[in-house]
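I am opening this notebook to keep a careful record of what I look up, one topic at a time. Before me are a sequence and a 3D structure, and I begin by looking at both.

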Amino acid sequence: MDALRRLQAGWGYPTVLLCVYGFFSTIKPLEPFLIPYLTGPDKNLTTEQVANQIFPVWTYSYLVILLPVFLLTDYLRYKPVIVFQCANLLATTVMLLWAEGVAAMQAMQFLYGMVTATEVAYFSYIYSVVDLQHYRKATSYCRSVQLLGYTLGAVLGQALVSSSLMSYHNILIMTLVMTCVALATSLFLPMPQRSVFFHRQDSRAAATQPSAASTPPNTLEEEEEKGAGGSGPPETAKGAAEVPLQKSAKGCLRVVRRLWRDCRQCYSGSLLCWSVWWALATCGYNQTVNYVQVLWEHVQPSQNFTIYNGGVEALSNLFGAASASAVGFVHVNWAAWGELALGSCSALGAAALFLMTFMGSIWVCYAGYVIFKSLYMLLITIAMFQIAAELSMERYALIFGVNTFGALVLQTVLTAVVVDSRGLGLDIVPQFTIYGSYFSTIAAIFLLRGLYGQVKRCRGHAHSSPEGEAA
């Protein structure tokens with residue numbers, strides 16, 4: 001038992017379990033073929049029903065759930081949310097297998113919205129059970145395993161579909177088994193004793209282990225309340241059941257105040273620029289990835305062609321990982337050249353989207369998608385690095401959550417206006433024309449801002465040179 005406790009107390013045990021969970025929960029062989037499955041004989045839905053009535057539900061549910069889940073994940077200390085995420089993933093697969101009709105598929109998309117909204121618990125968990133010196137290794141392992149799962153799932157799906165070894169229904173059965181393995185693994189994860197925002201006091205007390213003669217445990221909390229401008233009435237006259245409730249309410253209020261204060265301090269200077277691009281580009285990226293299969297089906301119907309969606313997804317993941325890894329080996333002053341890089345690469349992404357939309361060739365669509373996804377992975381890695389380099393871990397988690405929420409708000413507006421049948425309900429070609437124009441606008445904004453910054457920098461050097469010579 002002592003050996004087991006020592007194993008669980010180290011960083012390797014939770015990291016291995018989290019990697020196993022991440023691997024089995026991300027192997028989704030049917031995901032690249034979801035549109036052919038839904039519009040084929042298994043579900044008999046039309047492309048318009050899938051694109052304009054079913055897929056928008058994911059965006060709306062994701063937006064509604066994300067903000068409360070972000071706080072609830074920290075309050076519950078991650079593990080329950082990871083288990084809940086996998087349970088919803090299991091329910092999503094079950095509904096894909098046996099549910100029928102538009103309403104049932106909309107409910108499936110709502111459940112999948114909960115799956116994606118709770119993804120924040122996956123990486124937040126590791127930071128709560130692993131010491132600071134192991135953060136980089138643990139994060140690297142977890143991200144690599146997730147990428148391996150996505151890539152293997154895409155390759156496996158392509159191999160099974162191309163060789164006709166399994167039907168879409170049997171592929172989903174296999175996915176269901178792997179999801180059950182992930183759910184069982186999540187139950188064995190150690191329960192964290194601390195979290196980033198709500199349970200900081202617990203972790204601090206556990207680390208210091210004060211004696212009975214030391215400062216009373218409520219002193220630190222009282223000082224924080226006074227610092228925030230709060231001084232409540234004495235608690236001696238209150239009932240025993242009311243005190244924990246009041247402390248809980250005050251604790252939540254303190255967390256919200258601290259989050260708001262940190263948020264205002266973080267969004268200043270260069271961080272604001274990187275965060276704006278993050279939110280804008282992630283919105284467009286999510287829309288493109290969500291509906292690209294509809295475009296592929298429009299350009300080349302799966303009934304008339306051996307589709308290679310799985311191979312393209314695997315290739316785009318590998319190229320995206322390679323471009324993201326290349327950032328660590330390229331020494332560029334991103335503070336000076338970052339905006340120009342954001343603008344120029346966004347312009348290339350817009351060009352790829354326009355080629356996918358108007359060339360009418362499935363191979364051009366595939367190539368354009370690989371280029372577009374690789375460019376986004378490159379730029380989002382640079383943005384994450386630039387933001388993380390200037391923030392503590394908890395502030396980075398806050399900025400990550402706020403940026404994701406901002407992207408989701410924009411995506412919801414775009415979905416409601418452009419895609420939803422209750423809005424414009426545009427066909428897929430006008431949709432992708434709008435997405436290409438959207439990235440063209442992002443490119444123009446950041447190119448102009450980058451050029452302005454370079455001109456301003458050159459003028460500054462020109463003004464400072466004569467003064468230096470005179471001195």
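These entries go from the whole chain to a few chosen helices and then to one residue.

**Entry 1: the whole protein.** I noted at the start that this is a predicted model. I then looked up the secondary structure, which comes to 18 helices and 0 strands. Of the 471 residues in the protein, 48% are buried. I also looked at contacts between residues at least 6 apart in sequence, and found that 83% of them join residues at least 24 apart.

**Entry 2: helix α2.** I looked up helix α2, which covers residues 12-26 and has 15 residues. From its first C-alpha to its last it reaches 21 Å, close to the 21 Å expected at 1.5 Å a residue. Which residues of α2 are buried? I wrote down Tyr13, Pro14, Thr15, Leu17, Leu18, Cys19, Tyr21, Gly22, Ser25 and Thr26.

**Entry 3: helix α5 beside α9.** Two packed helices are described by the angle between their axes and the distance between the axes. With that in mind, I looked up helix α5 and helix α9 (residues 168-187), whose axes come within 9 Å and cross at roughly 165°. Angles over 145 degrees count as roughly antiparallel, and α5 is therefore roughly antiparallel to α9. The crossing of α5 past α9 is left-handed. On the α5 side the contact includes Lys79, Ile82, Val83, Cys86 and Trp98, while on the α9 side His169, Leu172, Ile173 and Leu187 are among the residues met. Sorted by class, the residues in this contact of α5 with α9 are 17 nonpolar, 5 polar and 1 charged.

**Entry 4: helix α5 beside α7.** I went on to a second partner of α5 (residues 79-98), namely helix α7 (residues 120-129), and found that their axes come within 9 Å and cross at roughly 150°. How do α5 and α7 run, roughly parallel or roughly antiparallel to each other? The two helices are roughly antiparallel, and their crossing is left-handed. From α5 the contact is made by Lys79, Val81 and Ile82, and from α7 by Ala121, Tyr122 and Tyr125. I recorded 5 nonpolar residues, no polar ones and 1 charged in this contact of α5 with α7.

**Entry 5: Gly406.** Last, I looked up Gly406, which lies in helix α17 (residues 393-419). Why does Gly406 count as partly exposed? Its relative accessibility is 24%, and partly exposed covers values between the 20% limit for buried and the 50% limit for exposed. I also noted that Gly406 and Leu280 are 126 residues apart along the chain, while their C-alpha atoms are separated by 8.1 Å.

Definitions and conventions:
Residues numbered from 1 in each chain as written. Predicted model: local features only at pLDDT ≥ 70, side-chain atom pairs only at ≥ 80, totals over all residues. Heavy atoms only, no water. Axes fitted to C-alpha atoms, helices over the stretch in contact; angles between N-to-C directions. Helix = DSSP H or I, 4+ residues; strand = E, 2+ residues; numbered from the N terminus. Parallel < 35°, antiparallel > 145°, perpendicular 65-115°, else oblique. Left-handed = near helix turned anticlockwise from the far one by under 90°. Contact = heavy atoms within 4.5 Å. Nonpolar A, V, L, I, M, F, W, Y, C, P; charged D, E, K, R; others polar. Buried < 20%, exposed > 50% of the residue type's maximum accessible area, 1.4 Å probe, protein only. Expected span 1.5 Å × (residues − 1).
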